[in-house]
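Here is a friendly walk through one protein chain, taken a piece at a time. Keep the structure open beside the text and find each part as you read.

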Amino acid sequence: MNRIYVFSSTGTSLQIANDISENLENTEIISIPRLMKQKYWTISGETIGFVFPCFYGTMPKLVAQFITGAETIDTAYTYCVATAGGDPGYSLKHLKEALITRGSDLHYGRKIVIASNYMNGWYYNLIQPKKEILEQKVNNAREKCHEIAKDITLSVKMIEKANFLNYLLPQVISPSRYIRDTRAWDSEFTVAENCNSCGICAKACPVDNITIKEGKPTFARNCQRCMSCIQFCPESAFLIEGKPMNKPKYIHPSLKVSDMISFNS
Ligand SMILES: Cc1cc2nc3c(=O)[nH]c(=O)nc-3n(C[C@H](O)[C@H](O)[C@H](O)COP(=O)(O)O)c2cc1C
(Lines give C-alpha, C1' and ligand atoms only; values in the text may rest on other atoms or scores of the structure.)
Protein backbone atom coordinates (compact mmCIF):
# COMPACT_ATOMS: atom_id res chain seq x y z
CA MET A 1 0.00 0.00 0.00
CA ASN A 2 1.20 3.54 -0.85
CA ARG A 3 0.37 6.08 1.82
CA ILE A 4 0.10 9.87 1.68
CA TYR A 5 0.15 11.64 5.06
CA VAL A 6 -1.57 15.00 4.84
CA PHE A 7 -1.93 18.08 6.99
CA SER A 8 -4.43 20.46 5.44
CA SER A 9 -6.71 23.09 6.88
CA THR A 10 -8.18 24.79 3.81
CA GLY A 11 -7.93 21.92 1.36
CA THR A 12 -5.05 22.80 -0.96
CA SER A 13 -2.78 20.06 0.40
CA LEU A 14 -5.66 17.59 0.60
CA GLN A 15 -6.62 18.18 -3.04
CA ILE A 16 -2.97 17.81 -4.11
CA ALA A 17 -2.92 14.42 -2.35
CA ASN A 18 -6.22 13.50 -4.05
CA ASP A 19 -4.78 14.45 -7.46
CA ILE A 20 -1.60 12.42 -6.87
CA SER A 21 -3.52 9.40 -5.59
CA GLU A 22 -5.75 9.39 -8.70
CA ASN A 23 -2.63 8.53 -10.68
CA LEU A 24 -1.02 6.08 -8.24
CA GLU A 25 -2.36 2.62 -7.59
CA ASN A 26 -3.27 1.37 -4.08
CA THR A 27 -2.97 4.70 -2.38
CA GLU A 28 -4.41 5.60 0.99
CA ILE A 29 -4.64 9.24 2.15
CA ILE A 30 -4.26 9.75 5.90
CA SER A 31 -4.87 12.90 7.94
CA ILE A 32 -1.81 13.66 10.08
CA PRO A 33 -3.75 15.41 12.90
CA ARG A 34 -6.31 12.61 12.95
CA LEU A 35 -3.58 9.94 13.21
CA MET A 36 -1.86 11.95 15.95
CA LYS A 37 -4.99 11.72 18.10
CA GLN A 38 -3.80 8.16 18.79
CA LYS A 39 -1.16 7.75 21.48
CA TYR A 40 1.16 5.84 19.14
CA TRP A 41 1.50 5.93 15.37
CA THR A 42 3.78 4.52 12.71
CA ILE A 43 4.60 5.91 9.28
CA SER A 44 4.89 3.14 6.72
CA GLY A 45 4.10 2.17 3.15
CA GLU A 46 5.56 0.89 -0.09
CA THR A 47 5.99 4.60 -0.82
CA ILE A 48 5.32 7.35 1.71
CA GLY A 49 4.19 10.83 0.74
CA PHE A 50 3.89 13.92 2.91
CA VAL A 51 1.70 16.79 1.71
CA PHE A 52 1.35 19.86 3.90
CA PRO A 53 1.29 23.68 3.83
CA CYS A 54 4.36 25.77 4.50
CA PHE A 55 4.00 27.72 7.76
CA TYR A 56 6.40 30.64 8.24
CA GLY A 57 8.94 29.45 5.69
CA THR A 58 9.16 25.89 6.97
CA MET A 59 7.05 22.81 7.71
CA PRO A 60 4.35 23.22 10.39
CA LYS A 61 5.39 22.28 13.93
CA LEU A 62 2.65 19.64 13.88
CA VAL A 63 4.39 17.89 10.97
CA ALA A 64 7.76 18.07 12.76
CA GLN A 65 6.10 16.49 15.83
CA PHE A 66 4.52 13.85 13.60
CA ILE A 67 7.97 12.79 12.34
CA THR A 68 9.75 12.90 15.70
CA GLY A 69 6.88 11.19 17.56
CA ALA A 70 6.37 8.27 15.15
CA GLU A 71 7.14 4.84 16.59
CA THR A 72 8.77 3.81 13.31
CA ILE A 73 9.23 5.16 9.81
CA ASP A 74 9.39 2.32 7.35
CA THR A 75 9.60 2.71 3.58
CA ALA A 76 11.95 2.47 0.63
CA TYR A 77 10.86 5.71 -1.02
CA THR A 78 9.74 9.00 0.51
CA TYR A 79 8.39 12.09 -1.22
CA CYS A 80 6.84 15.40 -0.25
CA VAL A 81 4.76 18.12 -1.83
CA ALA A 82 4.87 21.37 0.14
CA THR A 83 2.09 23.83 -0.69
CA ALA A 84 2.30 27.57 -0.15
CA GLY A 85 0.82 30.96 -0.90
CA GLY A 86 4.17 32.30 -2.15
CA ASP A 87 6.97 29.75 -1.79
CA PRO A 88 7.48 26.93 0.73
CA GLY A 89 10.94 28.23 1.72
CA TYR A 90 12.79 25.56 3.70
CA SER A 91 9.85 23.14 4.11
CA LEU A 92 11.41 20.38 1.98
CA LYS A 93 14.91 20.92 3.38
CA HIS A 94 13.69 20.78 6.99
CA LEU A 95 11.54 17.72 6.33
CA LYS A 96 14.57 15.94 4.82
CA GLU A 97 16.65 16.82 7.88
CA ALA A 98 13.90 15.59 10.23
CA LEU A 99 13.59 12.32 8.31
CA ILE A 100 17.36 11.77 8.35
CA THR A 101 17.39 12.11 12.16
CA ARG A 102 14.84 9.26 12.20
CA GLY A 103 17.05 7.02 10.02
CA SER A 104 14.92 7.69 6.93
CA ASP A 105 15.35 10.23 4.10
CA LEU A 106 13.47 12.40 1.61
CA HIS A 107 14.02 11.26 -1.96
CA TYR A 108 11.71 13.51 -3.93
CA GLY A 109 10.26 16.93 -3.14
CA ARG A 110 8.10 19.37 -5.07
CA LYS A 111 6.49 22.74 -4.37
CA ILE A 112 2.97 23.75 -5.37
CA VAL A 113 1.74 27.33 -5.00
CA ILE A 114 -1.98 28.05 -5.26
CA ALA A 115 -3.19 30.63 -2.71
CA SER A 116 -2.45 31.89 0.77
CA ASN A 117 -4.87 31.07 3.59
CA TYR A 118 -2.89 33.17 6.08
CA MET A 119 -5.69 35.62 6.89
CA ASN A 120 -3.70 37.43 9.54
CA GLY A 121 -1.16 38.76 7.02
CA TRP A 122 -1.66 42.47 6.19
CA TYR A 123 -1.03 41.52 2.54
CA TYR A 124 -3.73 38.79 2.48
CA ASN A 125 -6.30 40.78 0.45
CA LEU A 126 -3.62 41.97 -1.99
CA ILE A 127 -2.40 38.49 -2.93
CA GLN A 128 -5.71 36.62 -3.15
CA PRO A 129 -5.91 35.35 -6.75
CA LYS A 130 -8.98 36.36 -8.79
CA LYS A 131 -11.40 33.56 -9.71
CA GLU A 132 -9.95 32.91 -13.21
CA ILE A 133 -6.35 32.98 -11.95
CA LEU A 134 -7.27 30.61 -9.13
CA GLU A 135 -8.89 28.21 -11.64
CA GLN A 136 -5.77 28.34 -13.79
CA LYS A 137 -3.51 27.65 -10.79
CA VAL A 138 -5.72 24.73 -9.73
CA ASN A 139 -5.56 23.24 -13.26
CA ASN A 140 -1.78 23.70 -13.45
CA ALA A 141 -1.43 22.04 -10.05
CA ARG A 142 -3.54 19.08 -11.21
CA GLU A 143 -1.26 18.61 -14.24
CA LYS A 144 1.82 18.89 -12.02
CA CYS A 145 0.34 16.17 -9.78
CA HIS A 146 0.06 13.80 -12.77
CA GLU A 147 3.76 14.41 -13.46
CA ILE A 148 4.58 13.89 -9.77
CA ALA A 149 2.67 10.59 -9.68
CA LYS A 150 4.63 9.38 -12.73
CA ASP A 151 7.91 10.35 -11.04
CA ILE A 152 6.88 8.49 -7.88
CA THR A 153 6.07 5.38 -9.90
CA LEU A 154 9.59 5.59 -11.37
CA SER A 155 11.16 6.32 -7.93
CA VAL A 156 12.73 9.50 -9.29
CA LYS A 157 15.17 11.19 -6.89
CA MET A 158 15.01 14.99 -7.07
CA ILE A 159 14.21 17.73 -4.61
CA GLU A 160 13.26 21.25 -5.71
CA LYS A 161 15.74 23.80 -4.42
CA ALA A 162 15.06 25.44 -1.05
CA ASN A 163 14.61 29.17 -1.25
CA PHE A 164 16.51 30.95 1.53
CA LEU A 165 14.77 34.32 1.05
CA ASN A 166 11.36 32.72 1.33
CA TYR A 167 12.53 31.05 4.52
CA LEU A 168 13.97 34.26 5.93
CA LEU A 169 11.16 36.67 5.00
CA PRO A 170 8.40 35.10 7.14
CA GLN A 171 10.78 35.07 10.13
CA VAL A 172 11.46 38.78 9.62
CA ILE A 173 7.81 39.68 9.06
CA SER A 174 6.49 37.62 11.98
CA PRO A 175 9.38 36.80 14.35
CA SER A 176 7.17 36.47 17.43
CA ARG A 177 4.91 34.06 15.57
CA TYR A 178 7.86 31.82 14.91
CA ILE A 179 9.61 32.06 18.25
CA ARG A 180 6.53 31.98 20.50
CA ASP A 181 5.18 28.67 21.77
CA THR A 182 2.58 27.82 19.15
CA ARG A 183 0.15 26.56 21.76
CA ALA A 184 -0.34 30.09 23.11
CA TRP A 185 -1.21 31.56 19.71
CA ASP A 186 -4.89 31.22 20.43
CA SER A 187 -4.56 33.74 23.31
CA GLU A 188 -4.66 36.35 20.51
CA PHE A 189 -8.06 35.07 19.27
CA THR A 190 -11.38 36.57 20.34
CA VAL A 191 -14.86 36.44 18.86
CA ALA A 192 -17.21 39.34 18.23
CA GLU A 193 -20.87 39.62 19.29
CA ASN A 194 -22.05 38.30 15.92
CA CYS A 195 -20.75 34.77 16.74
CA ASN A 196 -23.89 32.65 16.24
CA SER A 197 -22.61 29.68 18.32
CA CYS A 198 -22.78 27.35 15.28
CA GLY A 199 -19.72 25.39 16.48
CA ILE A 200 -18.16 25.06 12.99
CA CYS A 201 -14.85 26.40 14.37
CA ALA A 202 -14.76 23.63 16.99
CA LYS A 203 -15.61 20.92 14.44
CA ALA A 204 -13.08 22.22 11.91
CA CYS A 205 -10.13 22.56 14.29
CA PRO A 206 -7.82 19.67 13.27
CA VAL A 207 -6.31 19.42 16.77
CA ASP A 208 -9.55 19.73 18.81
CA ASN A 209 -8.34 22.97 20.36
CA ILE A 210 -11.79 24.61 20.48
CA THR A 211 -14.76 23.88 22.73
CA ILE A 212 -18.02 25.81 22.70
CA LYS A 213 -18.82 26.98 26.23
CA GLU A 214 -21.87 29.10 26.98
CA GLY A 215 -22.31 29.54 23.23
CA LYS A 216 -18.81 30.89 22.52
CA PRO A 217 -15.54 29.21 21.42
CA THR A 218 -12.92 28.71 24.13
CA PHE A 219 -9.36 27.67 23.29
CA ALA A 220 -7.22 24.99 24.92
CA ARG A 221 -3.75 26.43 24.18
CA ASN A 222 -2.85 23.82 21.62
CA CYS A 223 -3.30 26.02 18.55
CA GLN A 224 -1.39 25.34 15.32
CA ARG A 225 -2.58 28.67 13.83
CA CYS A 226 -3.76 26.76 10.76
CA MET A 227 -6.64 29.25 10.23
CA SER A 228 -9.43 26.65 9.83
CA CYS A 229 -11.56 28.25 12.57
CA ILE A 230 -11.16 31.72 11.13
CA GLN A 231 -11.47 30.76 7.46
CA PHE A 232 -14.60 28.65 8.02
CA CYS A 233 -16.47 30.97 10.42
CA PRO A 234 -19.71 31.74 8.50
CA GLU A 235 -20.16 35.00 10.44
CA SER A 236 -16.51 36.16 10.12
CA ALA A 237 -16.71 36.67 13.87
CA PHE A 238 -13.04 36.03 14.74
CA LEU A 239 -10.56 38.74 15.62
CA ILE A 240 -6.78 38.31 15.93
CA GLU A 241 -5.17 40.74 18.37
CA GLY A 242 -8.38 42.76 18.15
CA LYS A 243 -8.27 42.97 14.32
CA PRO A 244 -11.46 41.70 12.62
CA MET A 245 -10.94 38.86 10.15
CA ASN A 246 -13.85 39.81 7.90
CA LYS A 247 -11.84 39.23 4.72
CA PRO A 248 -12.57 37.09 1.62
CA LYS A 249 -12.44 33.41 2.61
CA TYR A 250 -10.27 30.75 1.01
CA ILE A 251 -10.95 27.06 0.59
CA HIS A 252 -9.67 24.95 -2.33
CA PRO A 253 -12.43 25.26 -4.97
CA SER A 254 -12.83 21.44 -5.29
CA LEU A 255 -13.61 20.99 -1.58
CA LYS A 256 -16.22 22.07 0.93
CA VAL A 257 -15.93 22.91 4.64
CA SER A 258 -17.71 19.63 5.44
CA ASP A 259 -15.00 17.69 3.51
CA MET A 260 -12.31 19.27 5.68
CA ILE A 261 -14.25 18.56 8.88
CA SER A 262 -14.72 14.91 8.02
CA PHE A 263 -11.12 14.49 6.86
CA ASN A 264 -9.55 15.82 10.04
CA SER A 265 -11.97 14.69 12.74
C1 LIG B 1 0.33 29.96 9.94
C2 LIG B 1 0.54 30.04 8.47
C3 LIG B 1 1.77 30.41 7.98
C4 LIG B 1 2.00 30.45 6.60
N5 LIG B 1 3.25 30.77 6.14
C6 LIG B 1 3.49 30.79 4.82
C7 LIG B 1 4.80 31.10 4.33
O8 LIG B 1 5.74 31.32 5.10
N9 LIG B 1 5.00 31.13 3.00
C10 LIG B 1 3.99 30.88 2.11
O11 LIG B 1 4.23 30.92 0.91
N12 LIG B 1 2.74 30.57 2.53
C13 LIG B 1 2.47 30.51 3.86
N14 LIG B 1 1.21 30.19 4.33
C15 LIG B 1 0.15 29.86 3.35
C16 LIG B 1 -0.09 28.36 3.22
O17 LIG B 1 1.14 27.66 3.19
C18 LIG B 1 -0.89 28.00 1.95
O19 LIG B 1 -2.05 28.75 1.85
C20 LIG B 1 -1.19 26.50 1.90
O21 LIG B 1 -1.30 26.09 0.57
C22 LIG B 1 -2.46 26.12 2.65
O23 LIG B 1 -2.63 24.73 2.59
P24 LIG B 1 -3.96 24.00 3.07
O25 LIG B 1 -5.09 24.63 2.26
O26 LIG B 1 -3.76 22.58 2.70
O27 LIG B 1 -4.13 24.22 4.52
C28 LIG B 1 0.94 30.15 5.69
C29 LIG B 1 -0.31 29.78 6.20
C30 LIG B 1 -0.52 29.73 7.58
C31 LIG B 1 -1.88 29.32 8.08
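Helix 1 passes helix 6 in a right-handed crossing. Please remember as you look that this is a predicted model. Helix 1 covers residues 12-22 and helix 6 covers residues 131-153, and their axes come within 8 Å and cross at roughly 50°. That angle makes helix 1 oblique to helix 6.

Which residues make the contact between the two helices? From helix 1 come Ile16, Asp19 and Ile20. Helix 6 brings Ala141, Arg142, Cys145, His146, Ile148, Ala149 and Ile152. Sorted by class, the contact of helix 1 with helix 6 has seven nonpolar residues, one polar residue and two charged ones.

Is helix 1 mostly covered or mostly open? It is mostly covered, with nine of its 11 residues buried. The buried residues of helix 1 are Thr12, Ser13, Leu14, Gln15, Ile16, Ala17, Asp19, Ile20 and Ser21. Three of these names, Ile16, Asp19 and Ile20, will be familiar from the contact with helix 6.

**The parallel sheet**

Strands of a sheet pair through backbone hydrogen bonds, either parallel or antiparallel. Here, an open sheet of six strands shows parallel pairing, and its strands are arranged in the order 2-1-4-6-7-8. At its edges lie strand 2 (27-31) and strand 8 (158-159), each of which pairs on one side only. Helix 6 packs on this sheet, touching strand 4, strand 6 (77-84) and strand 7 (108-113). The direction of helix 6 makes about 175° with that of strand 7.

Inside the sheet, strand 1 (residues 2-6) runs parallel to strand 4 (residues 47-53), and four bridges join them. If you look along strand 1 to Ile4, you will find Gly49 of strand 4 standing opposite. Strand 6 and strand 7 also pair in the parallel sense, over six bridges. There, Val81 has Arg110 of strand 7 as its bridge partner. Strand 7 is largely enclosed by the rest of the structure, because five of its six residues are buried.

Now go to the edge and find Glu28, which is in strand 2. Is Glu28 buried or partly exposed? Its relative accessible area is 31%, so Glu28 is partly exposed. Leaving aside residues up to four places away in sequence, Glu28 touches Met1, Asn2, Arg3 and Ile4. Gln171 lies 143 residues from Glu28 along the chain, and their C-alpha atoms are separated by 34 Å.

**The antiparallel pairings**

Another open sheet has three strands in the order 9-12-13, with antiparallel pairing. Its edge strands are strand 9 (189-191) and strand 13 (243-244), each pairing on one side only. Strand 12 and strand 13 are joined in the antiparallel sense over two bridges, and Ile240 has Lys243 of strand 13 as its bridge partner.

Beside strand 12 (238-240), look for Ala237, in the loop that follows helix 10 (228-232). Ala237 counts as buried, because its relative accessibility is 2%. Although Ala237 and Val191 are 46 residues apart in sequence, they are 5.3 Å apart in space, C-alpha to C-alpha. Not counting residues up to four places away in sequence, Ala237 touches Thr190, Val191, Ala192, Asn194 and Cys195.

One more antiparallel pair is strand 10 (residues 210-213) with strand 11 (residues 216-219), joined by four bridges. Lys213 stands opposite Lys216 in strand 11. The two strands form a hairpin with two residues between them, and in this hairpin Glu214 takes a positive phi near 50°.

**Residues with a positive phi**

Most residues other than glycine have a negative phi. Ser197 and Met227 are worth finding with this in mind, and the table gives their values and places.

| Residue | Phi | Where | Relative accessibility |
|---|---|---|---|
| Ser197 | positive, about 65° | loop between strand 9 and helix 9 (200-204) | 37%, partly exposed |
| Met227 | positive, about 85° | loop between strand 11 and helix 10 | 2%, buried |

Neither Ser197 nor Met227 is a glycine. Ser197 counts as partly exposed, whereas Met227 is buried.

Methods
Residues are numbered from 1 along each chain as its sequence is written. This is a predicted model: local features need pLDDT of at least 70, side-chain atom pairs count only at pLDDT 80 or more; totals for chains, interfaces and linings use all residues. Side-chain values use heavy atoms; hydrogens and water are left out. Axes are lines fitted to C-alpha atoms, for helices over the stretch in contact, and angles run from 0 to 180 degrees between N-to-C directions. Angles under 35 degrees count as roughly parallel, over 145 as roughly antiparallel, 65 to 115 as roughly perpendicular and the rest as oblique. A crossing is left-handed if the near helix is turned anticlockwise from the far one by less than a right angle, and right-handed if clockwise. Contact means heavy atoms within 4.5 Å. Ala, Val, Leu, Ile, Met, Phe, Trp, Tyr, Cys and Pro count as nonpolar, Asp, Glu, Lys and Arg as charged, and the others, Gly among them, as polar. Two strands pair if DSSP finds at least two bridges between them. Buried means under 20% relative accessible area, exposed over 50%, partly exposed in between (1.4 Å probe, protein chains only).
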